[in-house]
Amino acid sequence: MKTCLTGKRRYRNRLDARIALANTRRRDRGEKRAYQCPGCHGWHLTSQTA
C-alpha cells in the first residue's frame, strides 16, 4: 500500500477506497467517507464529515 505525503494510505481508485472503508467500519475505526486527494490524486479515508 502506497502512502501520500500526508502520511495517509493511498488507494488508487474510489472503489478500492470504498471497499477499505467498508472493512474499517466492521472494526469501528471511525472513518466516515472516502475522498480524492488534491495533492496525490489518490483516494484516502477520513473521519471528517463532508
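Me: Taking contact to mean heavy atoms within 4.5 Å, what do the buried residues of α1 pack against in this predicted model?

Reply: In this predicted model, the buried residues of α1 pack against two strands, β3 (33–36) and β4 (43–46). The buried residues in question are Ala17, Ala20, Leu21 and Thr24.

Me: What makes it right to place these buried residues on the same side of α1?

Reply: Ala17, Ala20, Leu21 and Thr24 are the buried residues of the helix. They cover an arc of only 105° around the axis, and therefore they sit on the same side of α1. An α-helix has 3.6 residues a turn, so residues three or four places apart point the same way. On the other side of α1, Leu15 and Arg26 are exposed.

Me: How do you know that the length of α1 is close to what is expected of its residues?

Reply: The helix covers residues 14–26, which is 13 residues, and from its first C-alpha to its last it reaches 19 Å. The expected span is 1.5 Å times one less than the number of residues, and for α1 this gives 18 Å, to which the computed value is close.

Me: What is found at the start of α1, and which residue with a positive phi follows the helix?

Reply: At the start, a side-chain oxygen of asparagine 13 comes to within 3.2 Å of the backbone nitrogen of leucine 15. As a polar contact requires N or O atoms within 3.5 Å, the distance given for asparagine 13 and leucine 15 lies inside that cut-off. After the helix comes aspartate 28, with a positive phi near 55°.

Me: Why is threonine 24 called buried, and which residues does it touch beyond four places in sequence?

Reply: Threonine 24 belongs to helix α1. Its relative accessible area is 5%, and buried means under 20%, so the term applies to threonine 24. Leaving out residues up to four places away in sequence, threonine 24 touches Arg29, Glu31 and Leu45.

Me: Why does glutamate 31 count as buried although it is found in a loop?

Reply: The label follows from accessibility, which for glutamate 31 is 16%, and this is under the 20% cut-off. Glutamate 31 is found in the loop between α1 and β3, where, apart from residues up to four places away in sequence, it touches Leu21, Thr24, Arg25, Leu45, Thr46 and Ser47.

Me: Why is tyrosine 35 called partly exposed, and what makes its pairing with lysine 8 a polar contact?

Reply: Tyrosine 35 is in strand β3, and its relative accessible area is 21%. Partly exposed covers the range between the 20% and 50% cut-offs, so tyrosine 35 falls in that class. The side chains of tyrosine 35 and lysine 8 make a polar contact at 3.1 Å, which is within the 3.5 Å limit. Beyond its neighbours within four places in sequence, tyrosine 35 is in contact with several residues, including Trp43, His44 and Leu45.

Me: What makes histidine 41 exposed, and what is said of its phi?

Reply: Histidine 41 has a relative accessible area of 54%, and exposed means over 50%, so the term holds for histidine 41. The residue is found in the loop between β3 and β4, and its phi is positive, about 65°, although histidine 41 is not a glycine.

Me: Which element gives the largest share of the lining of the largest pocket?

Reply: The largest share, three residues, comes from α1. Among the lining residues are Ala20, Asn23, Thr24, Glu31 and Tyr11, and the pocket has a volume of about 180 Å³. Tyrosine 11 lies in the loop between β2 (9–10) and α1, and at a relative accessible area of 10% it is buried.

Terms used
Residues are numbered from 1 along each chain as its sequence is written. This is a predicted model: local features need pLDDT of at least 70, side-chain atom pairs count only at pLDDT 80 or more; totals for chains, interfaces and linings use all residues. Side-chain values use heavy atoms; hydrogens and water are left out. Helices (H or I, at least four residues) and strands (E, at least two) are DSSP runs, numbered from the N terminus. Buried means under 20% relative accessible area, exposed over 50%, partly exposed in between (1.4 Å probe, protein chains only). The arc is that of the directions from the helix axis to the C-beta atoms. Contact means heavy atoms within 4.5 Å. A polar contact is a pair of N or O atoms within 3.5 Å; within protein, one must be able to donate a hydrogen and the other to accept it, and residues adjacent in sequence count only if both atoms are side-chain atoms. On a 1 Å grid over the protein atoms alone, a cavity is a set of points where a 1.4 Å probe fits but cannot get out, and a pocket is an open set with protein on both sides within 12 Å along at least five of seven lines; lining residues have an atom within 4 Å of a point. Grid points are joined across faces, edges and corners, and a volume is the space filled by probe spheres set on the points.
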